[in-house]
Each structure stands twice: as C-alpha cells, then as structure tokens.
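This note is written for a colleague who is meeting the structure for the first time. Please read it with the model open.

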Amino acid sequence: MTSSRRAFLTGLLASPALLRLRPAFASEGRALALPAIEEGTVTAGGRAFDLRLLTGETEFLAGLATQTNGINGAYLGPILRARAGEALSLRVENGLEEASTLHWHGLHLPAAMDGGPHQPIAPGDSWTAEFPLKQKAGTFWFHSHRHGRTAAQVWSGLAGVIRVEDEEEGALPLPRMHGEDDFTLVLQDRRFGADGAMTYAPDMHDLMAGKVGDVMLVNGQVGAYLPVAAPLARLRILNGANGSIYRLHVAGDVPFVQIASDGGLLEAPVMLTEALVAPGERVELLVDLSAGAPLMLRAEVYGAEAPFAGSNGVRDVIEIRPDRARPAPPALPDRLAVLPPVPDATGAARTFTLGMTGEGLMGTPVIDGTPYDHDRIDFTVPLGAVETWVFENRSQMLHPMHVHDVQFRIVSRNGQPPAPREAGLKDVVLTQPGERVELRMEFTDYADPVSPYMMHCHILEHEDQGMMKQFTVV
Ligand code: C2O
Ligand code: CU
Ligand code: CU
C-alpha cells in the first residue's frame, strides 16, 4: 500500500461520519442458532446440571470481538430441560473474576436455594441448589442476582432458560420439537461501542428509564432469520432485557395465539395481534405459517420512562421464514390446562406503593418510599397463608413487579378482572403509571426464618438502585 493511500484510509477511519457507521452484524442473513438443550445427568429420581459462569468473546458485529459472560458458553446459557416433579441439583461454578449468583426465576423453592443476593458465589467457588421441581410445564429462566450488580451481570450475558415439561402439556397437540417447530427466543437489546464493546456504564437516563439498547438481539444474534419447516411455530419468548418493555406484533398485524404465560399454559388459547412483554416475563406464542409467506416479528420498545409520551421506536426482532406453503394446522383444543381457581384470601392484605424517594427528579425508584436494605427483612409471611398483594403505581414510570417463590394470579387491574392473556400463572406483573393491580398468592411448603425471598421491579436498573424488598416465610 502506498503511503498516500494509507494516509487516505487513516483519514477516513478517523472521520466522525464514518465512525458513526455501524459495522455489519455477524449473524445478519444467517439462520438463527438456538441455545443448546441441556438434559443434565439423570440420577436416582432426579436430574443434575453442571453450570459454569464463564468470561468469553462473542462476535456480534462482523469482525469485532466483544467481551461477554455466559453460562457454559461465551454469551447466555443453555436451555435446561427437566420434567415436573424431578429432584433438581444445579451446581454452579463461578469462573468469573467477581462474585455472582444464579437465581431460578419463577420456580417455587426453598429460599436458601433461590440463588438471590444472599447466595453469592465467590470467584472460583461453587454452589449447589437442590430442590424438587414443583412447576407446571412452562418456560422459566435463570440469571445473575448479585447484590447491586444484577443489571451489569445480566447485561454481560448471565442468563438462560429452563424448560419444564409435564404430562398435561405433553398430551396436547402442540408443537414441541426443539429447533423444528418449537423455538426458544431470548429477546434483549444492547448498545455497542464502535470497537464492539458492550460496556455497562449506565447514565442518569439509563438509571431512570432502565437501560435500553438500539440493537435487538435474539439469542445473542442480530439480524438472523428463523427457518421453519412446519405449518405452526411455537415461540417461547423470554424478555431478557434490562429495561425494555416490548410490544410484540407481527408486521401487518397478522394475528397469533398466546398459549402460555410466565408459569405455564393458559386455560385456553388467546388470539392476539400484540403481546406486551416486560423484562422477566415469558409468553409462548403460536404462529400460523401455513400460507408459506415469511412473517416479520417486530417490537415496539418502551423504556420505563414516559411510556405514553413516546416509545423508543419499532425494531425488527426476527423474520420467520417457512420453507413452503402447507395445509393449515389442525384447530387448537379449546382447553389447554386446568388451573386451580384463584384461592380465597386467608392471610394478610399488603399494599405496596411504587414511587420515588424524595421529591422531583432527584430521587430513585423505590417501594413504599424506602430503598432496599440488604440487612433488613421487610416483612414475614406465615407458611400456608393465601395473601393479597396490591401494587399501587404512583410513579410516572412502568414497573414490572416480580415476586420470588410463587406463581401468583392477577385478581384485578384498576378494579377490572384481568384480560385472558394474564389470567393464568404469573410471576411478573407490569404496572402502568396510576394503576392499582391486585394479586393473590399462596405461600406453601417452605418455611425459613433466616433466608429471605425477594420481590422487586424487574427493570434491573431499578432493582439495583433499591426498588426491592425482602421477606421470609415462617
Ligand atoms: Cu428474575 Cu429477582 O428475579
Ligand atoms: Cu425471580
Ligand atoms: Cu421499575
């Protein structure tokens, strides 16, 4: 290369206009890779998984290596597949240079096995969670819950999916062949520097609104498509974002069917043209592809702030590409699952106010005016109680509220019964400014006066700033 040409290129690279051009995405135009299914090791009456928290490099942007964290891999983790009723043993080894945890989001388990902020794993150490899998079939997940560092660690890639199967779900005529007609999609958005770095350095706005990226990732890939050789695709969708609420829809407002919420199957399929999915929430959707035409799944992305004034725009999530037209899939059953009726309250009714510390714009988001204190148990619940929890959102922001240990039911939203899509088993409920949402939940099985469970906003920036309380079941 001549020196004048080199000088010309160096000049171009330094020019601000070109620096703003994003390099191509490594997976653009490629078929989407799904997380690997991990079956673990079958033991007498149980199933054991070996998980390693790792640092690694991921190529999101073509030709650029991004420092990431993952579980048994460089970014994100595998899908842990297990059957309801099995005794699980989950060994977590921390290969990172900082303490971390893995929390089993949505599972009913003893508080000491929860993997929350009170079960940190030091670098080089390991920790084993053991508990029976008392769930219905559904899509659950696991992620770092390190005290004060959850947002940074989840952003770096410490999250994965738990797929629970059972007889009730297995008897239904639903797609369930992983990678053929059943697809697990972990949705996240991220922000990259020109050098490919995915640095977590939230500014004031990120702390307030939740950190929202401008690049949509599906299973850690950008711009990939989903090839399907079946008339009906089942999408198990996890919103694994830090701060983004996704209003999912198919371009052209093509209808789809929701069959499951956080804790498993809905009682009946629900036809929708959009699904609002907040951080931490899962939905399972069925998309009819029998026409053989590609469909674009899109998301309108909201931060927690200014939900009605404007969104952060619409992003393409993934194009679903059927290989050809096929005969229409058979009609879905009218009834998917038998859910127990919402139990009558036998215990306390608790109201939690979602707001800010102090006045004006200088505060941080909190529950009942007080930030989380790692050394304070906020309340105790008697074992066996059926309680009513009310979230009153008196802030200007959306807060997806999550309760550990239980699958709850929504009794009412502003006095109205919940829409069918959120009438099933839930562990996260999105609350809008001004809303009053009433939940009912039962605390069965595990009493422990020492180890607490958490309840918090699942906007991870809000959680880390203290929008969280802890309670014991005694
Ligand atoms: Cu998804 Cu407290 O967690
Ligand atoms: Cu959780
Ligand atoms: Cu919040």
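The points below concern two metal sites and one sheet of a predicted model.

1. The copper ion (ligand 2) has two histidines as its protein donors: His103 and His402, each through NE2, lying 1.9 Å from the ion. This pair links distant parts of the chain, since His103 belongs to strand 7 (residues 103-105) and His402 to strand 26 (residues 399-403), 299 residues apart.

2. Are these two donors buried or exposed? The cut-off for a buried residue is under 20% relative accessible area. His103, with a relative accessible area of 1%, is therefore buried, and His402, at 0%, is buried as well.

3. The copper ion (ligand 3) is bound through His399 (ND1), Cys457 (SG) and His462 (ND1), at 2.0 to 2.1 Å. The spacing of these donor residues in sequence is H-x57-C-x4-H. His399 in strand 26 and Cys457 in strand 30 (residues 448-457) are 58 residues apart and link distant parts of the chain. His399 has a relative accessible area of 0% and is buried; Cys457 is likewise buried, at 0%.

4. Strands 26 and 30 also take part in an open sheet of 5 strands, ordered 24-31-30-26-28, with mixed pairing. Strand 24 (379-381) and strand 28 (428-431) each have a single partner strand, so one side of each lacks a neighbour in the sheet. On average, neighbouring strands are turned by 30° against each other, direction ignored.

5. At one edge of this sheet, strand 24 runs parallel to strand 31 (residues 468-473), and 3 bridges join the two. Val381 has Val473 of strand 31 as its bridge partner.

Terms used. Residues numbered from 1 in each chain as written. Chains lettered and ligands numbered in written order. Predicted model: local features only at pLDDT ≥ 70, side-chain atom pairs only at ≥ 80, totals over all residues. Heavy atoms only, no water. Donors = N, O, S within 2.8 Å, 3.2 Å for Na, K, Ca; no water. Helix = DSSP H or I, 4+ residues; strand = E, 2+ residues; numbered from the N terminus. Buried < 20%, exposed > 50% of the residue type's maximum accessible area, 1.4 Å probe, protein only. Pairing = 2+ DSSP bridges. Axes fitted to C-alpha atoms, helices over the stretch in contact; angles between N-to-C directions.
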